[in-house]
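Thanks for sharing this one. Here are my notes, as numbered points, to read alongside the structure.

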Amino acid sequence: DFDHFQLPNAECGQFARQSLGTDPHAPVLCYLGSLGGYYLLDERMRFFSVFRDQKPGARFLFITREPAIMIRRHAARLGIGSDEIVVRAADRDEIPKLLAAADFGISFIHPTFSKIASSPTKLGEIVAVGIPMIVNAGVGDTDTIMADIGAGVVLDQFDEGSLRKAAASICAFRSSPAKIREGAMRWF
């Protein structure tokens with residue numbers, strides 16, 4: 001819904017970061033949606049660990065209805081401080097406002113047989129607001145979409161070297177939010 005998921009302006013981004021208690025200059029990685037089952041929480045946390053090595057002061061925003069304590073405990077097991085994690089539940093109307101705080105989005109989904117024919121809703125919503133994504137290969141047509149619209153980085157494996165390379169690639173990524181959104185409109 002491109003009428004609902006619109007490009008935020010700088011003022012929206014500043015307001016979103018302020019409402020989340022996030023430093024206005026901190027790089028923000030964002031995950032949107034459920035955490036269980038197929039959604040590879042451990043791999044996302046490991047990615048954030050290498051991302052923050054390259055972007056000191058980074059924060060990981062979770063827009064989810066999952067319990068914040070569960071996310072923080074999981075992060076702590078991987079050496080990620082609770083001050084580096086921001087968790088917010090949101091209804092549909094609030095999601096675009098919270099996404100305005102993000103610099104990058106992430107979607108790692110276990111590439112099982114059933115996921116070959118799926119397309120993550122979160123991908124469409126996040127690129128609709130012009131945010132570049134880090135995704136993994138093997139989930140529906142995500143690889144094709146990402147390549148066509150030039151909206152970020154596709155990760156083939158979750159080993160340390162691949163995570164570091166993907167973090168470096170997304171940190172160096174340059175495309176305008178308007179161009180990402182324009183590409184998203186062709187697909188969604």
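1. Let me begin with overall dimensions, keeping in mind that this is a predicted model. A compact globule of 188 residues would have a radius of gyration near 16 Å, and the chain has 15 Å, so the two agree. Along the principal axes, the C-alpha atoms fill a box of roughly 40 × 40 × 30 Å.

2. Next, the make-up of the chain. You will find 8 helices and 6 strands, and their order along the sequence is α-β-α-β-α-β-α-β-α-β-α-β-α-α. Please also look at the contacts: of those between residues at least 6 apart in sequence, 73% join residues at least 24 apart.

3. On burial and surface, 50% of the 188 residues are buried. The chain exposes about 9000 Å², and 52% of that area is supplied by carbon and sulfur atoms. As for charge, there are 21 positive and 22 negative charges, and their mean positions lie 3 Å apart.

4. Strand β5, residues 133–136, deserves a moment of your time. In a regular strand, side chains alternate between the two faces of the sheet. Here both faces of β5 are covered: Met133 and Val135 are buried on one side, while Ile134 and Asn136 are buried on the other.

5. Which strands pair with β5? One partner is β4 (residues 104–107), parallel to β5 and joined over 3 bridges; in this pairing, glycine 105 stands opposite methionine 133. Another is β6 (residues 152–155), also parallel to β5 and joined by 4 bridges. There, asparagine 136 has leucine 155 as its bridge partner. Met133 and Asn136 thus appear both among the buried residues of β5 and in these bridge pairs.

6. Is serine 49 buried or exposed? The residue sits in helix α2 (residues 41–54). Its relative accessible area is 16%, and because buried means under 20%, serine 49 counts as buried. Leaving aside residues up to four places away in sequence, serine 49 touches Leu78 and Ile80.

7. Leucine 40 is worth a look for its backbone. The residue has a positive phi of about 50° although it is not a glycine. Leucine 40 lies in the loop between β1 (28–32) and α2. With a relative accessibility of 14%, leucine 40 counts as buried.

8. For a contrast in accessibility, turn to alanine 117, in the loop between β4 and α5 (121–128). Exposed means over 50% relative accessible area, so alanine 117, at 76%, counts as exposed. How far apart in space are alanine 117 and glycine 138? Their C-alpha atoms are 9.7 Å apart, with the two positions 21 residues apart in sequence numbering.

9. My last point concerns serine 176, in the loop between α7 (160–171) and α8 (177–187). At 37% relative accessibility, serine 176 counts as partly exposed, a class that falls between the buried limit of 20% and the exposed limit of 50%. Serine 176 and isoleucine 131 are 45 residues apart in sequence, and the distance in space is 8.8 Å from C-alpha to C-alpha.

Note on methods. Residues numbered from 1 in each chain as written. Predicted model: local features only at pLDDT ≥ 70, side-chain atom pairs only at ≥ 80, totals over all residues. Heavy atoms only, no water. Helix = DSSP H or I, 4+ residues; strand = E, 2+ residues; numbered from the N terminus. Rg over C-alpha atoms; globule rule 2.2 N^0.38 Å. Buried < 20%, exposed > 50% of the residue type's maximum accessible area, 1.4 Å probe, protein only. Contact = heavy atoms within 4.5 Å. Areas by Shrake-Rupley, 256 points an atom, 1.4 Å probe, with all protein chains shown as cover. Lys, Arg positive; Asp, Glu negative; His and termini not counted. Charge placed at Lys NZ, Arg CZ, Asp CG, Glu CD. Pairing = 2+ DSSP bridges.
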